[in-house]
Amino acid sequence: MNPEGTWIQALQLDKAASHAFIAMLAAIHNSLAMWADTSTVDFHRFQAVKSINERLNLEGKDDSKPISDGLVAAVALLVNIEAFIGSLAAAAAHMSGLKRMVDLRGGIVEGFQHSTILQRSISWADYSYATAAHKPLVFPFIPQLASSLALHDRFTSRSMLENMEALGLKDLTIQNREAVELFELLYSITECINNFDYSSLDSTYGQRIQVSDSIYMIEWRLCHLEEISRPRQSWKRAGSVPILPSIEDGGRQPRYPSPTDLSDVLIYAAHLFLHLAIRGQPPSAPRHRALAEALMSALCDPILTLDLLSHPKVFEVPGSQLNRSNPGQVAEQSASGSLSTSYAAPASEISHGNMPRASKDELHANILLWALFIGSCVRVPVSLDSSVLLGDHHEFFVNALRNYCRMRNIVDKDTLAVKLKDIMWLYSWCEYQLDLAWSEISNDLRPWGTAGEQVNATLAVSRDG
């Protein structure tokens, strides 16, 4: 986050910031270790607040004694701590205080141009509270912290071609071009980190600056896209009125239903990946709850359209067994002379009525798969005050991922890894998370079959008999 340097030396000189920093470390440790004991966090958080209140009796009263950098850093850390542990009311109070302090110093752009470390720290506090509480950003854009790595056109052209072929409800599309552009930037950040030379930090100073600036810019834009998306997702959760036929069209219904748009899915999954993989936030941190719920809401249309909530049924002719090694097989003669019949869904992209049509490029299907995988990486403990629908985020994503793997006949980890790497892959982090996810979904993976295939298999057996 701070390629220009570190604030550890500054923390040693500021009591409030030191206690806040230790409290932040303790909160992260508790989340990684899954500890419920918050005594260390509470002690240092209390000491930080106590020191801040004492200092406010002296600082900020007039121009001769302005608010110090250490005090601003301490409050920014407190915002992060409260957002991290899910204490949003306290985070809001600290955020209000931080805004007041920054304004007294002349604003985040002009008042802190001497320290990009402080600017990044304040911005990260802003991002943390905004994403955890579903609130707009408080501070303005900082141009000197924003730049972009080179883009690769990994997704844009492919997505445009797939959008041209998407005709029906069960086809997947991404209509928001800005979301795809940000995903391109996220891919560039990921690839830069994958190829980073950790043995030569001094020689990569410029590269680290550019990565950090790209992270700042992408999170800024993701937060604003989510602010636009939130009313739309609220309508979905509340239930919306069906779209009425257009008067201009004479009341006629469209010949084909609109394809299922994954734009919001892409936005929220990208933001979760940014926090989990790029920023290295623990998957069990309560701060992820809001983004996970937003991703669940965005997934409502594709999951219902593809029927990924219900347990898929695999139909077989009596006396038969599903044969994964020969997809599409209908009947075979056993060594004893008896006839056994089995059917497995073909390995190509879905080819029957209740699934999307086959496509030359599986980009959008793989993006949906990747989004479900990223969602399954979130392991926030179930909140007692959560609704039944949005309670267990992890189980929701795991079930949907398992069913989508069945639907697409992904029955081994290597195949799943190839399709995920087609989208976004941060080596060590993704490898570890894939091992965890595969251990949860692999025991119940079987190819997808339908009643229609059962009938066809039965007819084939009858003809052969």
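Arg45 and Asp42 sit three residues apart, about one turn of the helix, and both belong to helix H3 (residues 39-56). Their side chains form a salt bridge whose closest N and O atoms are 2.5 Å apart. That pair is a friendly place to start in this predicted model, where a search of the whole structure finds 16 salt bridges. The points below walk through some of these charged pairs and then turn to a lysine in helix H15.

**The pair in helix H3**

- Arg45 is buried, because its relative accessible area of 17% falls under the 20% cut-off.
- Its partner Asp42 has a relative accessible area of 32% and is therefore partly exposed.
- The salt bridge between Arg45 and Asp42 thus brings together a buried arginine and a partly exposed aspartate.

**A network around Arg55**

- Arg55 and Glu59 meet through their side chains in a salt bridge, with an N to O distance of 2.8 Å.
- Arg55 counts as buried at 19% relative accessibility, a value that is under the 20% limit for that label.
- Glu59 is buried as well, with a relative accessible area of 9%.
- Asp14 joins Arg55 and Glu59 in a network of salt bridges.

**A link between distant parts of the chain**

- Glu181 forms a salt bridge with Arg221, and the closest N and O atoms of the two are 3.5 Å apart.
- This pair links distant parts of the chain, as Glu181 lies in helix H8 (residues 177-194) and Arg221 in helix H9 (residues 205-238), 40 residues apart.
- Glu181 is partly exposed, since its relative accessible area is 38% and the partly exposed class runs between 20% and 50%.

**Lys419 and its surroundings**

- Lys419 is part of helix H15, which covers residues 413-421.
- With 16% relative accessibility, Lys419 counts as buried, because the label applies under 20%.
- The side chains of Lys419 and Glu362 are joined by a polar contact of 2.7 Å.
- Leaving aside residues up to four places away in sequence, Lys419 touches Glu362, Asn366, Leu369, Arg408 and Ile410.
- Glu362 therefore appears both as the polar partner of Lys419 and among the residues that Lys419 touches, while the label of buried for this lysine rests on the 20% cut-off.

Notes. Residues are numbered from 1 along each chain as its sequence is written. This is a predicted model: local features need pLDDT of at least 70, side-chain atom pairs count only at pLDDT 80 or more; totals for chains, interfaces and linings use all residues. Side-chain values use heavy atoms; hydrogens and water are left out. Helices (H or I, at least four residues) and strands (E, at least two) are DSSP runs, numbered from the N terminus. Buried means under 20% relative accessible area, exposed over 50%, partly exposed in between (1.4 Å probe, protein chains only). A polar contact is a pair of N or O atoms within 3.5 Å; within protein, one must be able to donate a hydrogen and the other to accept it, and residues adjacent in sequence count only if both atoms are side-chain atoms. Contact means heavy atoms within 4.5 Å. A salt bridge is a side-chain nitrogen of Lys or Arg within 4 Å of a carboxyl oxygen of Asp or Glu.
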